[in-house]
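Q: I'm new to this structure and would like a close look at one part of it. Could you walk me through that part and then show me how the rest of the chain fits around it?

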Amino acid sequence: MSDNVVHMKLDGSSKSHSRADIIARDVESVIDEPIARGGTNLGLSPTETLVSSLLGCTNVITHRIMDKMGFTINSLDIKSKTLFNKDGASLVEEVDIPFPEITLDIEISTDASENDLIEVKKQLAMYCPIGKVIRNSGTVINENWNKIN
């Protein structure tokens, strides 16, 4: 096992049927449902939290790759569209792949060329742990990259 395998510790406390307060390190986060689903809307829902983790990981790993390759990112914006089969979460029936498809629209301003971005995309798929977990679950992740000046 690699020396880079570490233990992560997070604690969750149920505050209601829809809200959990999460503590990691010295940071507190709230996971909640919207008011329409009986929540208090104080945080992202569990499913939104999953997709937001993909956006966050895409941001971090893209910056690391670009830095390692010697390129600068002036701006990076990521928008997502997710297909979600909520039959499982609604207790209708078991769903093997609740998120059949996630599309990321990635807009980047950088000094890297279009050809350099091909390598960035390849490495992102190799190194983003959240993307790997989601893809390995059977979800298709589409990435639409748009280089702007």
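How does the distance between the end C-alpha atoms of helix α2 (residues 114–127) fit with what its 14 residues should span at 1.5 Å a residue?

A: Happy to help! Please keep in mind that this is a predicted model. Counting 1.5 Å a residue, the 14 residues of α2, running over 114–127, should span 20 Å. The C-alpha atoms at the two ends of α2 are 20 Å apart, which agrees with that expectation.

Next, look at which way the side chains of α2 point. L117, V120, Q123 and L124 are buried in this helix. They cover an arc of only 120 degrees around the axis, so they sit on the same side of α2. A general rule helps here: an α-helix has 3.6 residues a turn, so residues three or four places apart point the same way. Turn to the face of α2 that points away from the buried side, and you meet the exposed residues N115 and I118.

What does the buried side meet? The buried residues of α2 pack against α1 (46–69), β5 (101–110) and β6 (140–148).

Just before the helix there is a residue worth a stop. A112 belongs to the loop between β5 and α2. A112 has a relative accessible area of 0%, and because buried means under 20%, it counts as buried. Leaving aside residues up to four places away in sequence, A112 touches M66, F71, L117 and K147. One of these, L117, is also among the buried residues of α2. Far from this spot you can find S14: the C-alpha atoms of A112 and S14 are separated by 46 Å, with their positions 98 residues apart along the chain.

From there, move to β6, the strand that holds V140. V140 is partly exposed, with a relative accessible area of 43%. Its contacts, not counting residues up to four places away in sequence, are P100, E101 and I102. The C-alpha atoms of V140 and A112 are separated by 26 Å, while the two residues are 28 apart along the chain.

Now step back to see the whole chain. It has 3 helices and 6 strands, and from the N terminus on they run β-β-β-α-β-β-α-α-β. Its C-alpha atoms fill a box of roughly 50 × 35 × 35 Å along the principal axes. Of the 149 residues, 27% are buried. If you take contacts between residues at least 6 apart in sequence, 53% of them join residues at least 24 apart. The chain exposes about 10000 Å², and carbon and sulfur atoms supply 52% of that area.

Finally, visit the other end of the sequence for a contrasting view. M8 sits in the segment before β1 (10–14) and is exposed, with a relative accessible area of 71%. Together with V6 and L10, M8 forms a nonpolar patch on the surface, and the three have about 370 Å² of accessible area together. R25 is found in the loop between β2 (20–24) and β3 (27–31), and at 72% relative accessibility it counts as exposed. The C-alpha atoms of R25 and K9 are separated by 7.7 Å, although these residues are 16 apart along the chain.

How values were computed:
Residues numbered from 1 in each chain as written. Predicted model: local features only at pLDDT ≥ 70, side-chain atom pairs only at ≥ 80, totals over all residues. Heavy atoms only, no water. Helix = DSSP H or I, 4+ residues; strand = E, 2+ residues; numbered from the N terminus. Expected span 1.5 Å × (residues − 1). Buried < 20%, exposed > 50% of the residue type's maximum accessible area, 1.4 Å probe, protein only. Arc of directions from axis to C-beta. Contact = heavy atoms within 4.5 Å. Patch = residues over 30% accessible without salt bridge, like charges linked within 9 Å, V, L, I, M, F, W, Y side chains within 5 Å. Areas by Shrake-Rupley, 256 points an atom, 1.4 Å probe, with all protein chains shown as cover. Salt bridge = Lys/Arg side-chain N within 4 Å of Asp/Glu carboxyl O.
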